[in-house]
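Me: I'm new to this one and would like to go through it slowly. Could you show it to me before we start?

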Amino acid sequence: MSLRDALRIPLREITDEAVYRERRHLVAALMAAPALGITGCSRAEAPPPPGKPLDPTRLKAGFGTREERTTFQDASTYNNFYEFGTGKADPSRAPKTLRTSPWTVAVGGACAKPGRVSLDDLLRGQKPEERVYRLRCVEGWSMVIPWLGVPLGEVLKRFQPSSKAKYVAFTTLNDRKQMPGQSYPSLDWPYREGLRIDEAMHPLTLLATGMYGKALPQQNGAPLRLVVPWKYGFKSIKSIVAITFTEKRPLTSWNEMASDEYGFFSNVNPAVDHPRWSQKTERRIAGTGSKLFADRIPTRAFNGYGDQVASLYAGMDLRKWY
Ligand SMILES: Nc1nc2c(c(=O)[nH]1)N[C@H]1C(S)=C(S)[C@@H](COP(=O)(O)O)O[C@H]1N2
Ligand SMILES: [Mo]
């Protein structure tokens, strides 16, 4: 297979192990060859967070939207959750094999109060609130979903992160009996994601336990997932079992798979195309219209949450830190 062909395989179609390995190999080779002009920055550290204060009125404007909502039916049947298959309909059709109770989350790393806690303990003292957020998938569709959750930062504070906590790493459950898709090398399991500490503490970042007033369905990441509305959907990791404060930028699944296509930050940015497709528009799945032929609308910087989050990236070249 030529290098060009290898890079053109849509990730969702990679189920054949040989192709997968060859592709990873090629990507690794590319990364080691700066002469080829690859702009990935996986080895350099991000600049430190600037830490600007947020205006409360502007902040609140991000907690809701008047845009037409996606129906529960669409939001729960058109999913990305490779642990239950790589097709959009696979996760909703999968048998309900995930045991969501009891559920524990291990919180550790650079903090004064690490611990393995039950989901109830993790959320203790927090009242779930509803936030209607847009979520835009890197593949080009977006939805408007009423989430139920608590601000991640409020939860993290209780574990008393130290000054060494520059990032927060998240890990999905790793159990192929409960997550049959993990029997296939579609990704390097378990699924991992990460945020810079200021992104994790940002009031918009939600630790979600429900949507549409109900507990999360299995296919949407039960019992606990992230929703980071200004970043491409894959940053919103599902079925979280571990949260770790780290000093170094953590590995993330999609960045590891193809660092030229998926950066660590992955802020929604219509000005930076994915190497294999444009990010300028999105297919908005909302109301009762067709989800496959939904209208395309322009994608906005930071998915429309620039007023709330752009200051986190002041001075950063967002073409470099994609
Ligand atoms: N563990 C895990 N989390 C995941 C994924 C996944 O495959 N595994 N897919 C991501 C992607 S690509 C998207 S777009 C969103 C989709 O969330 P939704 O199905 O609830 O809309 O989940 C993200 N979280
Ligand atoms: Mo996605």
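Reply: One term will help first: two strands count as paired if DSSP finds at least two bridges between them. Please also keep in mind that this is a predicted model.

Me: Okay, so how many helices and strands does the chain have?
Reply: The secondary structure of the chain comes to 10 helices and 12 strands.

Me: Using that pairing idea, what is the bridge partner of V107 in β10?
Reply: The partner of V107 in β10 is I243, and this belongs to a pairing in which four bridges join strand β1, residues 104–109, to β10, the two running parallel.

Me: And how many bridges join β5 to β10?
Reply: Six bridges link β5 with β10, and these two strands run antiparallel; within β10, the residue standing opposite T172 is I240.

Me: Why is β10 described as largely enclosed?
Reply: Five of the seven residues of β10, which spans residues 240–246, are buried, so the strand is largely enclosed by the rest of the structure. Buried here means under 20% relative accessible area.

Me: Where does β6 come in, and which strand is joined to it?
Reply: Strand β5, residues 167–172, is joined to β6 by five bridges, and they run antiparallel. T171 is the residue that stands opposite R192 in β6.

Me: Are the faces of β6 covered or open?
Reply: Both faces are covered, with R192, G194 and R196 buried on one side and E193 and L195 buried on the other, which fits with five of the five residues in β6 (192–196) being buried.

Me: Switching to the chain as a whole, what share of the residues is buried?
Reply: Buried residues make up 55% of the 322 residues in the chain. The chain exposes about 14600 Å², and carbon and sulfur atoms supply 54% of that area.

Me: What about contacts along the sequence, how many join residues far apart?
Reply: Among contacts between residues at least 6 apart in sequence, 72% join residues at least 24 apart.

Me: New topic: how many cavities of 30 Å³ or more are there?
Reply: There are two cavities of 30 Å³ or more, and the largest has a volume of about 500 Å³. Its lining consists of 30 residues, of which N80, C137, G233, F234 and K238 are the closest to the centre.

Me: Which strand gives the largest share of that lining?
Reply: The largest share comes from β4, with four residues, while β3 (129–136) and β4 (141–151) each supply at least two.

Me: What kinds of residues line the largest cavity?
Reply: The lining divides into 18 nonpolar, six polar and six charged residues.

Methods
Residues are numbered from 1 along each chain as its sequence is written. Chains are lettered from A and ligands numbered from 1 in the order in which they are written. This is a predicted model: local features need pLDDT of at least 70, side-chain atom pairs count only at pLDDT 80 or more; totals for chains, interfaces and linings use all residues. Side-chain values use heavy atoms; hydrogens and water are left out. Buried means under 20% relative accessible area, exposed over 50%, partly exposed in between (1.4 Å probe, protein chains only). Contact means heavy atoms within 4.5 Å. Accessible areas come from the Shrake-Rupley method with a 1.4 Å probe; for residues, only the protein chains shown count as cover. On a 1 Å grid over the protein atoms alone, a cavity is a set of points where a 1.4 Å probe fits but cannot get out, and a pocket is an open set with protein on both sides within 12 Å along at least five of seven lines; lining residues have an atom within 4 Å of a point. Grid points are joined across faces, edges and corners, and a volume is the space filled by probe spheres set on the points. Ala, Val, Leu, Ile, Met, Phe, Trp, Tyr, Cys and Pro count as nonpolar, Asp, Glu, Lys and Arg as charged, and the others, Gly among them, as polar.
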